Amino acid sequence: HEASLSSMLRDAELTMLRSQIRPHFLFNSLNSVSSLTLSNPQAAQDMIIKLSEFMRHSLALGADTMNTLNDELYHAGLYLDIERVRFSDRMKIEKTIDPKCGEMMLPAMILQPLLENAVKHGVNTMLTTCEINLKAECNDSFLGITISNHFDPDAVPRKGTGTGLTNVQKRLAAIYGRNDLLTSKVSGQIFEITIQIPVQKSIT
């Protein structure tokens with residue numbers, strides 16, 4: 001009975017965390033569409049189409065869904081396509097993905113808030129092109145994913161609630177029972193965040 005209650009509490013927590021991530025991104029996207037409506041109607045239309053596809057894909061996922069890395073990269077690509085409409089050539093994406101990691105499992109929508117953070121605190125702070133690097137590698141114990149971005153240290157800090165990264169850390173802790181699976185560091189003008197996904201760990 002205690003184990004059943006613990007499982008229910010964990011599922012409720014995951015559902016709450018996921019419900020915070022979706023509105024956070026949706027509100028930001030709708031604000032961007034609103035600003036583009038007058039200045040660039042075609043870009044606004046493109047963004048709405050891409051946002052519709054992104055949300056359709058997102059809403060099909062359950063709160064405790066596990067995805068392959070390949071599926072997560074596809075979903076992350078939809079998000080980045082939306083942001084490309086907004087930032088055009090100011091955003092550059094580089095991916096280094098180990099092919100043997102493609103079918104490894106990880107929590108659904110775990111990458112999007114990390115990329116959103118890179119856009120908000122990287123691309124948004126720079127007047128020149130900002131490069132975002134996405135790297136995935138794996139071994140017998142972990143799938144490691146690193147996202148890094150350039151940023152302007154002299155830029156005015158962007159306001160926000162910090163919901164995205166906090167939710168990722170809490171989701172990983174709720175699923176895997178560990179608090180050390182997300183780390184971050186700053187090196188010069190590069191911010192880097194890494195998540196470690198334990199291999200062969202699933203939600204029960």
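**View 1. The hairpin of β6 and β7 has 2 residues between its strands.** In this turn, look for Gly 188, whose phi is positive and near 65°. The model shown here is predicted, so local features need pLDDT of at least 70 and side-chain atom pairs count only at pLDDT 80 or more, while totals for chains, interfaces and linings use all residues. Residues are numbered from 1 along each chain as its sequence is written, and side-chain values use heavy atoms, leaving out hydrogens and water. The names of helices and strands follow DSSP runs, numbered from the N terminus: a helix (H or I) has at least four residues and a strand (E) at least two. β6 and β7 pair in the antiparallel sense, over 6 bridges; two strands count as paired if DSSP finds at least two bridges between them. One bridge to spot links Ser 187 with Ile 190 in β7.

**View 2. Stepping back, the hairpin belongs to an open sheet of 5 strands.** What is the order of the strands? Reading across, you meet β2-β4-β5-β7-β6, and the pairing is mixed. At the edges are β2 (91-97) and β6 (182-187), each of which pairs on one side only. On average, neighbouring strands of this sheet are turned by 15° against each other, direction ignored. As a reminder, strands of a sheet pair through backbone hydrogen bonds, either parallel or antiparallel.

**View 3. β2 and β4 run parallel.** Strand β4 covers residues 130-138, and 7 bridges join β2 to β4. To find your place, look for Ile 97, which stands opposite Ala 136 in β4.

**View 4. β5 has a partner strand on each side, β4 and β7.** With β4, β5 forms a hairpin that has 3 residues between the strands. These two strands pair in the antiparallel sense over 7 bridges, and Gly 144 in β5 is the bridge partner of Glu 137. β5 and β7 also run antiparallel, joined by 9 bridges; here Ile 145 stands opposite Ile 195 in β7. Is β5 mostly covered or uncovered? It is mostly covered, as 7 of its 9 residues are buried. Buried means under 20% relative accessible area, exposed means over 50%, and partly exposed lies in between (1.4 Å probe, protein chains only).

**View 5. Helices α3 and α4 both meet the sheet.** Helix α3 (residues 69-87) lies across β2, β4 and β5 (142-150) and runs at about 170° to β2. Helix α4 (residues 112-121) packs on the sheet and touches β2, β4, β5 and β7 (190-198), where touching, or contact, means heavy atoms within 4.5 Å. The direction of α4 makes about 15° with that of β5. Because 8 of the 10 residues of α4 are buried, this helix is largely enclosed by the rest of the structure. Among the buried residues of α4 are Pro 113, Leu 114, Asn 117 and Ala 118.

**View 6. The axes of α3 and α4 cross at roughly 20°.** These axes come within 10 Å. Axes are lines fitted to C-alpha atoms, for helices over the stretch in contact, and angles between N-to-C directions run from 0 to 180 degrees. α3 and α4 are therefore roughly parallel to each other; angles under 35 degrees count as roughly parallel, over 145 as roughly antiparallel, 65 to 115 as roughly perpendicular and the rest as oblique. The crossing of α3 and α4 is right-handed, meaning that the near helix is turned clockwise from the far one by less than a right angle, whereas anticlockwise would be left-handed. Ala 76, Tyr 79, Leu 80, Glu 83 and Phe 87 in α3 meet Gln 112, Leu 115, Glu 116 and Val 119 in α4. By class, this contact has 6 nonpolar, 1 polar and 2 charged residues. Here Ala, Val, Leu, Ile, Met, Phe, Trp, Tyr, Cys and Pro are nonpolar, Asp, Glu, Lys and Arg are charged, and the others, Gly among them, are polar.

**View 7. On to α2 and α3, whose axes come within 9 Å.** Helix α2 (residues 41-59) crosses α3 at roughly 160°, so the two are roughly antiparallel to each other. Their crossing is left-handed. The contact includes Phe 54, His 57 and Ser 58 of α2 and His 75 of α3, and its residues divide into 9 nonpolar, 3 polar and 5 charged.

**View 8. A closer look at His 75 in helix α3.** Is His 75 buried or exposed? His 75 is buried, with a relative accessible area of 1%. Not counting residues up to four places away in sequence, His 75 touches Phe 54, His 57, Ser 58 and Met 109.
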